[in-house]
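Visitor: Could you take me through one part of this structure slowly, piece by piece? I'm new to this, so please keep it relaxed.

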Amino acid sequence: MSTDTHAAGAHDHHHDDGHAHSTFSGYMLGFVLSVVLTAIPFWLVMSGTLPSKQITALVIMAFAVVQIVVHMIYFLHMNTKSENGWSMMALIFTIVMVVIALSGSLWVMNHLNSNMMPIHEMTGMK
């Protein structure tokens, strides 16, 4: 490589390298969204505003999925343009895995509760 070609390329610091970049305001927006998406489910559980535990659990699961997507977009810089769209495929894969993990966890907890807590012990009957 000649020195003229290398010198001309050395001053080009603003090239598109295929990666998403963020600014301070982007990080702060992600942080604020993360705090809000954490505080709302905490408040829902502590105040008991929703009529049933099942609805509360579903709402908290929805907030968890949204928060994971927020983290992936604002902190991992995933979008449709970077890395020829493979970031979007990673996002779709992550959403599918999170839904499987959350629904599986709730299913296991439900069956543990029904199998480990016999009805006669919960009602005081012998």
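**A close look at helix α2**

Guide: Let's start with what helix α2 hides: G26, G30, S34, L37, P41 and L44 are buried in it. Keep in mind that this is a predicted model. Those buried residues of α2 pack against helix α3.

Now for the helix itself. Helix α2 covers residues 24–47, which comes to 24 residues. From the first C-alpha to the last, α2 reaches 34 Å, close to the 34 Å expected at 1.5 Å a residue. Just after α2 comes G48, and its phi is positive, near 65°.

Let's zoom in on one of the buried residues, S34, which sits in helix α2. Why does S34 count as buried? Its relative accessible area is 9%, and the word buried is used for anything under 20%. Who does S34 touch? Leaving aside residues up to four places away in sequence, S34 is in contact with Q67, V70, H71 and F75. Take V70 from that list: 36 residues separate S34 and V70 along the chain, yet their C-alpha atoms are 7.3 Å apart.

Next, the outward-facing side of the story. A nonpolar patch on the surface is formed by F24, Y27, M28, F31, V32, V35, V36, I40, F75 and L76. Together these residues have about 920 Å² of accessible area. One of them, M28, is found in helix α2. With a relative accessible area of 36%, M28 is partly exposed, a label for values between 20% and 50%.

Two other members of the patch, Y27 and F75, deserve a stop of their own. The structure holds one aromatic pair, and Y27 and F75 are the partners in it. A pair of aromatic rings is described by how far apart the centres are and by the angle of the planes. Here the centres of Y27 and F75 are 6.3 Å apart, with 15° between the planes, and the pair is stacked. Y27 belongs to helix α2 while F75 lies in the loop between α3 and α4, so the pair ties together parts that are 48 residues apart in sequence. Are these two residues buried or partly exposed? Y27 is partly exposed, with a relative accessible area of 35%, and F75 is partly exposed as well, at 33%. Notice that F75 turns up on the contact list of S34 too.

Since α3 keeps coming up, here is its other partner. Helix α3 spans residues 53–74, and the buried residues of α4 pack against it. In α4 those buried residues are S87, L91 and V98. Helix α4 takes in residues 86–116, which makes 31 residues. At 1.5 Å a residue α4 should span 45 Å, and its end C-alpha atoms are 44 Å apart, which agrees.

Finally, let's step back to the whole chain. The chain has five helices and zero strands, so "α-α-α-α-α" is how its elements read from the N terminus on. Of the 126 residues in the chain, 16% are buried. The chain exposes about 9,900 Å², and carbon and sulfur atoms supply 71% of that area. As for contacts between residues at least 6 apart in sequence, 63% join residues at least 24 apart. The contact of S34 with V70, 36 residues away along the chain, is an example of such a link.

Note on methods
Residues are numbered from 1 along each chain as its sequence is written. This is a predicted model: local features need pLDDT of at least 70, side-chain atom pairs count only at pLDDT 80 or more; totals for chains, interfaces and linings use all residues. Side-chain values use heavy atoms; hydrogens and water are left out. Helices (H or I, at least four residues) and strands (E, at least two) are DSSP runs, numbered from the N terminus. The expected span of a helix is 1.5 Å times one less than its number of residues. Buried means under 20% relative accessible area, exposed over 50%, partly exposed in between (1.4 Å probe, protein chains only). Contact means heavy atoms within 4.5 Å. Patches are made of residues with over 30% relative accessible area and no salt bridge: like charges are joined within 9 Å, nonpolar side chains (Val, Leu, Ile, Met, Phe, Trp, Tyr) within 5 Å. Accessible areas come from the Shrake-Rupley method with a 1.4 Å probe; for residues, only the protein chains shown count as cover. A salt bridge is a side-chain nitrogen of Lys or Arg within 4 Å of a carboxyl oxygen of Asp or Glu. Rings of Phe, Tyr and Trp (its six-membered ring) pair if their centres lie within 6.5 Å; planes under 30 degrees apart count as stacked, over 60 as edge-to-face and the rest as tilted.
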